[in-house]
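Visitor: I would like to go through this model term by term, and hear for each label what value stands behind it. Please show the structure before we begin.

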Amino acid sequence: MAAHRRPRQHPLGGHTARAAAVLALAGAATTTGFDGTGQAEPRPTPAQVKARVDRLYREAETATQKYDDAKDAVDAGERRLDALRDQAARKEQRLNTARDALGSFAAAQYRSGDIAPTWQLALSGDPDRYLDAAALAERAGDRQAATVSQVRQQLEQIERLRGAARVELKSLRSHQAELRRQKKTVTGKLAEARRLLAELTPSERGQVTDGTGAPDRASRSADGARQALERAGAVTAPDSRAAAAVAYAFAKLGSPYVWGATGPDAFDCSGLVQAAYRSAGVSLPRTTYAQIGAGRRVSRSELRPGDLVFFYSGVSHVGLYIGDGRMIHAPNPSAPVRVAPIDEMPFAGATRVV
């Protein structure tokens, strides 16, 4: 009776099979955990964090220089646009005055009936007086014709000014968009650097930032550096304006780094150099890209106090040379304005501006 035999039961059927599958998966997960392939990414070392943060700061500083360049373009564009609008408004005012004069003349002609000159002469009781008046009217007509010509010229000039203003406005909006893009880049890079630093312990953070996060400590250490340099005669600039710029930079030691800042209480790298020379009566461009071309290029062996020293292949960082192989610069948001050796970054060139 083979047809009436009960079907053979699978040893792991129904709930039992599902339970076994769950156990098998759990075992696999446990095994994965033990062999390391499923573990969380290991915590980066302070050295790794420092490398990442330094790279982010360099990228942020490059974007900062582009931001400063765009901001300069925006400011200049706004000034040019305002000047065009003012010029157009003045010409429109003169145009309205000329139009009013033409309107008065036309109304007078209408009121007089504009009688033909031959009939006016025939009907006049005093022909001599009429002829004198006719000559005066002819001269007045010449003046009105000149006024009409001026009105036409003014209309053309106003239209040209409006066209120039439209072009300027388009350029301005382009620069404003670039400004927003670079600002977003800078803030993103700095936020990522802050996040990495926040994951470190205070002692590890001190290693990453070289212990220079406190302005008062940076200022005190710089005081000693200045005394040593002065004893060696290294900070004696050969030009009085260069000396004034160096003195200004020393006075700002310990000031915080703030991207886009030009003082008097906070600076980015090119902002510090610009402010130092501004205090000495010398106008410098805003960005590192422009500052390196603002004076005479000098070699590293020719450096003297007051020279501008530039770093990295993209010329994205600048400091003020003070002698003895050192400079004053605004490094990054984790370090205030301080004295540093020029060897701590890849040297890109130098410029003497006075």
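Guide: Let us begin with valine 315, whose place is in the loop between strand E2 (308-311) and strand E3 (317-323). Please keep in mind that this is a predicted model, and that the chain holds nine helices and six strands.

Visitor: Why is valine 315 called buried?

Guide: The relative accessible area of valine 315 is 16%, and because buried means under 20%, valine 315 counts as buried. Its backbone deserves a remark as well, since phi of valine 315 is near 50 degrees, a positive value in a residue other than glycine.

Visitor: Where does aspartate 324 lie, and why is aspartate 324 called exposed?

Guide: Aspartate 324 lies in the loop between E3 and strand E4 (326-329). Its relative accessible area is 53%, and because the label exposed asks for over 50%, aspartate 324 is exposed. Phi of aspartate 324 is positive too, at about 60 degrees, although this residue is not a glycine.

Visitor: How many aromatic pairs are there by this rule?

Guide: The count comes to three aromatic pairs. One of them is formed by tyrosine 67 and tryptophan 259, with 4.7 Å from centre to centre and 75 degrees between the planes. Because centres within 6.5 Å make a pair and planes over 60 degrees apart make it edge-to-face, this pair is edge-to-face.

Visitor: What makes tyrosine 67 and tryptophan 259 a pair that ties together parts apart in sequence?

Guide: Tyrosine 67 lies in helix H2, whereas tryptophan 259 lies in the loop between helix H7 (240-251) and helix H8 (269-278), so the pair ties together parts that are 192 residues apart in sequence. Both tyrosine 67 and tryptophan 259 are buried.

Visitor: Why is the pair of tyrosine 248 and phenylalanine 267 called edge-to-face?

Guide: The ring centres of tyrosine 248 and phenylalanine 267 are 6.4 Å apart and their planes stand at 85 degrees. Because the limits are 6.5 Å for the centres and over 60 degrees for the planes, the pair is edge-to-face. Tyrosine 248 lies in helix H7 and phenylalanine 267 in the loop between H7 and H8, so this pair ties together parts that are 19 residues apart in sequence.

Visitor: How do you know that tyrosine 248 counts as buried, and what is the relative accessible area of phenylalanine 267?

Guide: Tyrosine 248 has 18% relative accessibility, and because the cut-off for buried is under 20%, tyrosine 248 counts as buried. Phenylalanine 267 has a relative accessible area of 0%, and is buried.

Visitor: Which residues is aspartate 268 in contact with, leaving aside its neighbours within four places in sequence?

Guide: Aspartate 268, which is found in the loop between H7 and H8, is in contact with Thr64, Asp68, Tyr257, Val258, Trp259, Gly260, Ala261, Arg286 and Ala330, once those neighbours are left aside. Its relative accessible area is 0%, and aspartate 268 is therefore buried. Proline 264 lies in the loop between H7 and H8 too, and a cis peptide bond joins glycine 263 and proline 264, with omega about 5 degrees.

Visitor: Why is H8 called mostly covered?

Guide: Nine of the 10 residues of H8 are buried, among them Cys269, Leu272, Gln274 and Tyr277.

Visitor: Why is serine 279 called partly exposed?

Guide: Serine 279 has a relative accessible area of 41%, and because partly exposed lies between the limits of under 20% and over 50%, that is the label for serine 279. Serine 279 is found in the loop between H8 and helix H9 (288-291), and its contacts, leaving aside neighbours within four places in sequence, are with Ala244 and Tyr248. From C-alpha to C-alpha, serine 279 and alanine 245 are 6.6 Å apart in space, with their positions 34 residues apart in sequence.

Visitor: What lines the second largest pocket?

Guide: Its lining has 26 residues, of which Asp54, Tyr312, Pro331, Asn332 and Arg338 lie nearest the centre. Helix H2 (residues 46-112) gives the most to this lining, with eight residues. By class the lining has 12 nonpolar, seven polar and seven charged residues, and about 390 Å³ of space lies in the pocket.

Note on methods: Residues numbered from 1 in each chain as written. Predicted model: local features only at pLDDT ≥ 70, side-chain atom pairs only at ≥ 80, totals over all residues. Heavy atoms only, no water. 1 Å grid on protein atoms, 1.4 Å probe; cavity = no way out; pocket = protein on both sides within 12 Å on 5 of 7 lines; lining within 4 Å. Points joined across faces, edges and corners; volume = space filled by probe spheres on them. Helix = DSSP H or I, 4+ residues; strand = E, 2+ residues; numbered from the N terminus. Nonpolar A, V, L, I, M, F, W, Y, C, P; charged D, E, K, R; others polar. Phe/Tyr/Trp six-rings, centres within 6.5 Å; stacked < 30°, edge-to-face > 60°. Buried < 20%, exposed > 50% of the residue type's maximum accessible area, 1.4 Å probe, protein only. Contact = heavy atoms within 4.5 Å.
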